[in-house]
Amino acid sequence: MHKQIRVLIGLFVGTGAGYIYMGYLYSPTFCIEFGWYVALLGVSFWGYTLHRTYIKEEMDTHKQDRWLKQLQVFLFIYFSMWTVMFIIYVVRPDLQLHYVAIATQLGVVVVSATILASQKKLATLTLVTLMLPLTVYFVLMGEAFSYLLAFFTVVLGGVLLYAAHNTFSYLIKSQYQAYHDYLTSLGNRRFFIELLENAMKMQKHEKKHLYLLLIDLDHFKTINDSLGHDVGDALLREVSARMSFLSQKYKNTVSRLGGDEFCVLSELYESKEACFTAANHCANKLLAGIKESYVIGEHHLYISASIGVSIISNPELSATVFIKEADIAMYEAKTQGRNGIIFFNDALSQRVERKLEIERFLHFSLKNKEITLNYQPQVTLEGKIIGCEVLARWENDKLGSVSPAEFIPIFEKTGFIVELGYEVLKASFQTLKAWEEKGIVLQQFSVNISMRQMFHPSFVSDVKQLCQTYLRKEQCAKLIFEITENSVAEDVKLLIMNMHRLQEYGIRFSMDDFGTGYSSLSYLRQLPLDEIKIDKSFIAELNHPNQADKGFIDTIFAIARNLKLRVVAEGIETIEQQHYLQEQGCDILQGYYFSRPLKKEAFEHFFFEASLSHA
Ligand code: C2E
Ligand code: MG
Ligand code: MG
């Protein structure tokens, strides 16, 4: 539309010059009318400056509105002057301007009607000021044909007006649809990006600061899935209304980016600190507001949100960069247990960058044989090696050595853990077989298994096939699968069923990192477990002479005895820790105090050395 208005201004400036020229040619009283021409020239010049402003200045939405209003005033004055001059000239018999006037008038009408179609007020103004004098002119001619022409002019005017109005309302409607969300009537992603871009232009100009909040509702999908989409939609409407209400106080704008994701953009702030404080305040208010209960039909619902905050101080970057930053912070809030607010910062960005790099390289890790296995000895209270835990190691040219604590969660998230887990099982079974052939006979052989593997449809049959390929029955009976209670199974029945199916091959189960998860005792009782592993964080606490920590370990032993489970303590680093656990009657010990995780050959060496010293 703005390009069209530019053309229009050019057109008016051109015709203004034309009128002056016509006036000069035909008016014998040029001097009297000189003032009139100067005024016209002045208005034309004003039109030209408006045109320059449009080209030169970067305007935000407020400035654009002001500019458009000025343009309307300009056009009104211009058309009025034009009309007055038209009437003065055409009624003078000494000037044969009829045909020129008619042709010009009609040409301008058509051009204006087309160009101004998107501006309802301008279209009405243009058409009325142009068609009215033309009609009057035809009537004044007093001929039969001129009355006919007057009639057609009115009809044409009406038709053009009607067309302009309809186009206008259509444009308004499609413009609204293109920029708004149908469900909540909030601005949509496109609206938000343009709003942000405009705000950033202002910010650049005035050297101020802005903040952006990205809000994602927690577990909204569960509401949609369990109560239906109608309830979900109603909840989204309520949440948006609540957020809009709360944001009014801060003069912030709320938009819906899609699904259950919303964005809030602030006003400009003088200092970064003020912006930070306001962002914190607003985010907390929104979080508290969203968490208040909702009544939808017969349902009383509660929902929380995760909020990512990005402070915009560098307008050189693009708007999408800041949305991305807030998105990263929002995901961090989700990872940290949801229902929270996280501000984007450089450390966070580096962590995300590293995660993305790991994700990029993980697909090649198996093909390039970058993943190897280490084996950490497990010993009896007498110090005899009776087993080992298999631990994965990843060495990558670009990333260096990546700890499983870092890569396993990413492999789990991407689902790649299933493939990795299969390879780990295969390599460990081969090792177990090879060791038995070499005389390294262990009583148990522990492998970490992710919950995603446990639930994978082909897991049980894969394990069965690997067992048949590499191991004898009595070797299978040495296998212990370590599962973690952090990932409490959503489908306990399926988990138990799969555990029972694996038990048929003699495989036993251990609850790893015991005490750090959220599983209830009843859940623990249902699972067919053989062993629990006290998490190393509790063992580390034994260094502090705090009775409460010791009491906690004693409780774990009491639970284990009650459930008739063996106890493995991992992460033993000192002789004091070893003694304490011995006193408690711990069954198996594991930790750097005995040995760090070792490469296959190193473990073999360690085993034979230890056997010699025990012999
Ligand atoms: P986890 O199963 O609890 O393994 C024990 C972790 O404690 C290992 O870390 C081990 O190196 C470390 N550790 C052992 N003794 C000590 C000690 O005395 N002091 C200290 N500070 N640490 C000790 P690692 O190898 O970094 O493994 C971290 C976690 O990654 C494992 O925790 C396990 O959950 C996971 N993981 C490792 N390999 C695999 C795998 O093949 N599959 C799956 N699903 N997870 C794995
Ligand atoms: Mg483990
Ligand atoms: Mg553990």
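Against which elements do the buried residues of α10 pack? In this predicted model, the buried residues of helix α10 pack against the strands β1 (210-217), β3 (261-265), β4 (294-296), β6 (305-312) and β7 (340-343), and against the helix α9 (229-248). Helix α10 itself comprises 20 residues, from 272 to 291, and spans 28 Å between its first and its last C-alpha, close to the 28 Å expected at 1.5 Å a residue. Its buried residues are Cys275, Ala278, Ala279, Cys282, Ala283, Leu286, Leu287, Gly289 and Ile290. Because these residues cover an arc of only 165 degrees around the axis, they fall on the same side of α10. The face turned away from that buried side carries Glu273 and Thr277, both of which are exposed.

The setting of this helix is a protein in which 23 helices and 16 strands are found. Of its 615 residues, 46% count as buried, and about 31500 Å² is exposed by the protein, with carbon and sulfur atoms supplying 59% of that area. When contacts between residues at least 6 apart in sequence are considered, 70% of them join residues that are at least 24 apart.

Two magnesium ions, ligand 2 and ligand 3, lie 4.0 Å apart, and Asp512 coordinates both of them. For the magnesium ion (ligand 2), the protein donors are Glu389 through OE, Asn448 through OD1, Glu482 through OE and Asp512 through OD, at 2.0 to 2.2 Å from the ion. Along the chain, these donor residues follow the spacing E-x58-N-x33-E-x29-D. Glu389 belongs to strand β9 (residues 385-396), whereas Asp512 belongs to strand β13 (residues 508-514), so the pair ties together parts that are 123 residues apart in sequence. Both Glu389 and Asp512 are buried.

The magnesium ion (ligand 3) is coordinated by an OD atom of Asp512, an OD atom of Asp513 and an OE atom of Glu570, at 1.9 to 2.4 Å. The spacing of the donors in sequence is D-D-x56-E. Since Asp513 is located in strand β13 and Glu570 in strand β15 (residues 566-570), this pair ties together parts that are 57 residues apart in sequence. Asp513, at 18% relative accessibility, counts as buried, and Glu570 is likewise buried, with a relative accessible area of 9%.

A further buried polar residue, away from the description of the metal sites, is Asn188, whose relative accessible area is 15%. Asn188 is found in the loop that runs between α6 (144-179) and α7 (189-206). A polar atom of the Asn188 side chain lies 3.3 Å from the backbone nitrogen of Arg190. Once neighbours within four places in sequence are left aside, the residues in contact with Asn188 are Gln177, Ala178, Tyr179, His180, Asp181, Ser255 and Arg256.

Note on methods: Residues numbered from 1 in each chain as written. Chains lettered and ligands numbered in written order. Predicted model: local features only at pLDDT ≥ 70, side-chain atom pairs only at ≥ 80, totals over all residues. Heavy atoms only, no water. Donors = N, O, S within 2.8 Å, 3.2 Å for Na, K, Ca; no water. Helix = DSSP H or I, 4+ residues; strand = E, 2+ residues; numbered from the N terminus. Buried < 20%, exposed > 50% of the residue type's maximum accessible area, 1.4 Å probe, protein only. Contact = heavy atoms within 4.5 Å. Areas by Shrake-Rupley, 256 points an atom, 1.4 Å probe, with all protein chains shown as cover. Expected span 1.5 Å × (residues − 1). Arc of directions from axis to C-beta. Polar contact = N/O pair within 3.5 Å; in protein donor to acceptor, adjacent residues only side chain to side chain.
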